[in-house]
Amino acid sequence: MNRDFDKRNVIVEEDQVLLTSFLKGDSDAFSIIYNKYIDELFAYGVGFGFDRETLKDAIQDVFVKFYIKKKQLKDIVELKYYLFRMLKNHLFDIHRSIKREVKEEITDLPFLIEPSILDELVAIEEKLAFESEMETLLGVLTDRQREAVYLRFIQEMGYEEIGELMEMTAPAVRKLVGRAMKRMRDKGM
């Protein structure tokens, strides 16, 4: 666990160096940030069920806003969290504009994880079996549990960051993830 914490701190420090360079006008730093997080943002957005083109446009909008409002970025502590938050907010805005007539609570936007996002975690010969098992296990979770599990274990975010993204307290996220893990264990993990 301590190794994961050290790895995370290194990533946060690297991001701070990139962000500082970008804020000083280094356009290469912006390109590095973009390339570093584009796939992770796309994978996160897929979980909300948006089509590929809408998602690509939303991510581009996020990076344009990020670039234009660089003077407001000096106090960012965790770049990855900030970009994820920007994307989630933008996707919710898109969802609201599409579903204005539907009285759907925005926190109830389904979060889906497709096993294909997890391809990097398994060898090719184990992929089909793993996908089938993951689909079954993730199928027993609620949308919020799936989102929390994705953010915690795939994106390696801390409970505080997940809590802010999901508008929950860190202890509530811990409890949500714990219940999700128990449900998956009970189902066969």
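So, L87: buried or exposed? This is a predicted model, and in it L87 has 0% relative accessibility, so L87 counts as buried. You'll find L87 in helix α4, which covers residues 79–98.

What does L87 touch, leaving aside residues up to four places away in sequence? The list is L41, Y44, G45, A58, I59 and V62. Take G45 from that list: L87 and G45 sit 42 residues apart in sequence, yet their C-alpha atoms are 7.6 Å apart in space.

Okay, let's move along the chain to helix α8, residues 170–187. Here's a little check we can do on α8. The helix has 18 residues, and at 1.5 Å a residue they should span 26 Å. The C-alpha atoms at the two ends of α8 are 26 Å apart, so the expectation and the model agree.

Which residues of α8 are buried? Those are A170, V173, L176, V177, A180 and M184. If you look down the axis of α8, these buried residues fall within an arc of 120°, and so they line one face of the helix. Now turn to the face of α8 pointing away from that buried side: there you get the exposed residues P171, R179 and D186.

Next, the neighbour. Helix α7, residues 159–166, packs against α8 at an angle of about 95°, and the two axes are 8 Å apart. That angle makes α7 roughly perpendicular to α8. Who meets whom here? On the α7 side it's Y159, E160, I162, G163 and M166, and on the α8 side it's A170, V173, R174, L176 and V177. Sorted by class, that contact has seven nonpolar residues, one polar and two charged. Looking back at the buried list for α8, A170, V173, L176 and V177 are among its members.

Last bit: the loops on either side of α7. Going into α7, there's the loop that follows α6, residues 143–154, and E156 is in that loop. E156 isn't a glycine, but has a positive phi of about 55°. With a relative accessible area of 39%, E156 is partly exposed.

Then, between α7 and α8, the loop holds E167. What about phi at E167? It's positive, about 55°, and again this residue is not a glycine. And is E167 buried or exposed? At 58% relative accessibility, E167 counts as exposed.

That's my tour, so over to you.

How values were computed. Residues numbered from 1 in each chain as written. Predicted model: local features only at pLDDT ≥ 70, side-chain atom pairs only at ≥ 80, totals over all residues. Heavy atoms only, no water. Helix = DSSP H or I, 4+ residues; strand = E, 2+ residues; numbered from the N terminus. Expected span 1.5 Å × (residues − 1). Buried < 20%, exposed > 50% of the residue type's maximum accessible area, 1.4 Å probe, protein only. Arc of directions from axis to C-beta. Axes fitted to C-alpha atoms, helices over the stretch in contact; angles between N-to-C directions. Parallel < 35°, antiparallel > 145°, perpendicular 65-115°, else oblique. Contact = heavy atoms within 4.5 Å. Nonpolar A, V, L, I, M, F, W, Y, C, P; charged D, E, K, R; others polar.
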